[in-house]
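Trainee: I have a model open and want to learn how to read its sheet. Where do I start?

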Amino acid sequence: MANREVREFFVTTAKGMEDLLLQELSGLGIGSVTKGRGGVSFRGTIREAYRVCLGSRIANRVLLPLKTFFAPHEDRLYSGIRQIRWASHFTENNTIAVDFASSQSKITHTQYGALKVKDAIVDQFRDETGTRPSVSVVQPDIQVNVYIFKDEATVSLDLSGESLHRRGYRQEGANAPLKENLAAALLMSAGWPLGPDTAFLDPMCGSGTLGLEAALMAGNIAPGLGRDYFGFLKWKGHQEKIWKDLIEEAKAAIIYDPKKLPKIVGYDQDFRAVRAALKNTETHGIPGLLRGRVHFEKKELTLGESIAPKGIFMVNPPYGERLGDEESLRPLYKEIGDLMKQKFKGWEGYIFTGSPVLAKSVGLKASKKMVFFNGPIECRLLKFELY
Ligand SMILES: C[S@@+](CC[C@H](N)C(=O)[O-])C[C@H]1O[C@@H](n2cnc3c(N)ncnc32)[C@H](O)[C@@H]1O
């Protein structure tokens with residue numbers, strides 16, 4: 001793709017996060033953004049698409065649509081895919097993978113659909129060159145994305161390659177970790193970061209996702225800086241100079257001065273969770289970058305103490321869906337409410353939970369409720385004013 005060519009891109013995100021993504025993309029200087037199904041489209045240059053790949057905390061994928069056509073059955077899908085000149089995007093020596101989804105369409109079998117798409121691509125190369133690209137499900141050179149809605153297929157190159165929620169720091173999971181982009185969305189909804197005097201504390205941090213995302217945001221660290229894989233690096237349209245310049249700009253924008261950084265702390269009663277959080281802190285793609293920006297420690301909830309006169313207290317307790325039973329969790333929610341009330345005066349409190357029943361056990365009235373989906377589970381971020 002030529003430097004200044006303007007194209008339409010589509011940025012996907014999780015259900016319910018489209019508005020935040022829209023806001024975020026505008027903040028990244030992306031103009032002409034429009035909300036769509038499951039994401040946001042924008043018109044822009046390759047530089048802008050790269051900027052989203054590097055800088056979006058909310059996005060899942062950045063797609064470059066190549067062609068849209070009517071595909072009411074597999075044969076039409078096959079012929080439509082064959083009409084795209086794949087050799088202008090990659091060679092027979094590259095590896096590929098196909099991501100396929102359909103909704104309200106006659107083609108419903110996603111694996112079969114993906115196979116048809118792959119066949120059409122490799123058959124085109126085989127007919128033209130006598131050889132074909134091979135398939136790699138792990139970090140393919142080229143990730144093709146096909147989405148069929150109401151029998152209309154949109155074929156795109158996936159510039160992210162794999163979902164952008166993978167920041168390159170998560171090596172170890174603990175129980176029920178939050179996705180990184182969901183954690184970032186929760187923090188953004190709380191207005192984080194609020195300056196060096198406003199601290200952050202997660203008293204049930206698990207693998208540390210909220211604390212680590214809070215540190216990336218407070219340090220103005222572009223989330224993509226920790227990744228070494230994107231779906232455009234082997235693409236023929238890749239503009240290496242533009243990408244390298246953006247990386248250098250992002251590195252230069254990182255805040256290192258401790259006086260300009262807020263205190264960020266995560267506690268968990270389970271030493272395995274704390275160990276995972278510490279390991280994640282050390283595994284960022286830029287070695288040592290996250291060290292010292294977040295403090296993780298083994299501590300039981302009720303022993304948590306305020307660490308600054310004001311701050312954001314945010315907690316993602318178990319809510320019965322995956323980790324335990326609702327009834328037995330009631331006392332824990334009451335303890336969280338008591339802790340916020342007694343020890344975090346002057347702070348803003350947030351609880352992220354999928355259980356409206358447990359939310360009632362907190363014993364405080366939420367001043368705001370925001371809906372998010374944790375996978376398929378409808379959850380709420382509840383805000384409490386603590387004064
Ligand atoms: C849903 S997980 C949090 C996941 C975390 N947000 C992440 O992204 O990895 C809940 C965490 O609460 C911790 N926990 C449960 N009861 C606790 C208590 N009384 N005090 C401190 N931590 C507790 C568990 O060990 C678990 O790691």
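Mentor: Start with one term. Two strands pair if DSSP finds at least two bridges between them. Keep in mind that this model is predicted.

Trainee: How many bridges join β1 to β4, and how do these strands run?

Mentor: Strands of a sheet pair through backbone hydrogen bonds, either parallel or antiparallel. Here, 3 bridges join β1, residues 7-12, to β4, residues 61-70. The two run antiparallel. Look at V11: V62 in β4 stands opposite.

Trainee: In what order do the strands of the open sheet come?

Mentor: The sheet has 8 strands, ordered β2-β3-β1-β4-β8-β7-β5-β6. The pairing is mixed. β2 (33-36) and β6 (134-135) each have a single partner strand, so one side of each has no neighbour in the sheet.

Trainee: Which strands does helix α2 lie across?

Mentor: Helix α2, residues 46-55, lies across β1, β3 (39-44) and β4. Its angle to β3 is about 145°. Helix α3, residues 74-82, also packs on the sheet. It touches β4, β5 (95-103), β7 (142-149) and β8 (152-158). The direction of α3 makes about 115° with that of β4.

Trainee: Now the pockets. How much space lies in the largest pocket?

Mentor: About 880 Å³. The pocket is lined by 32 residues, and the closest to its centre are F10, T12, R37, G38 and Y147. Elements giving two or more residues to the lining include β1, β4, α5 (180-189) and β14 (368-374).

Trainee: What classes of residue make up that lining?

Mentor: Count 14 nonpolar, 11 polar and 7 charged residues.

Note on methods. Residues are numbered from 1 along each chain as its sequence is written. This is a predicted model: local features need pLDDT of at least 70, side-chain atom pairs count only at pLDDT 80 or more; totals for chains, interfaces and linings use all residues. Side-chain values use heavy atoms; hydrogens and water are left out. Helices (H or I, at least four residues) and strands (E, at least two) are DSSP runs, numbered from the N terminus. Contact means heavy atoms within 4.5 Å. Axes are lines fitted to C-alpha atoms, for helices over the stretch in contact, and angles run from 0 to 180 degrees between N-to-C directions. On a 1 Å grid over the protein atoms alone, a cavity is a set of points where a 1.4 Å probe fits but cannot get out, and a pocket is an open set with protein on both sides within 12 Å along at least five of seven lines; lining residues have an atom within 4 Å of a point. Grid points are joined across faces, edges and corners, and a volume is the space filled by probe spheres set on the points. Ala, Val, Leu, Ile, Met, Phe, Trp, Tyr, Cys and Pro count as nonpolar, Asp, Glu, Lys and Arg as charged, and the others, Gly among them, as polar.
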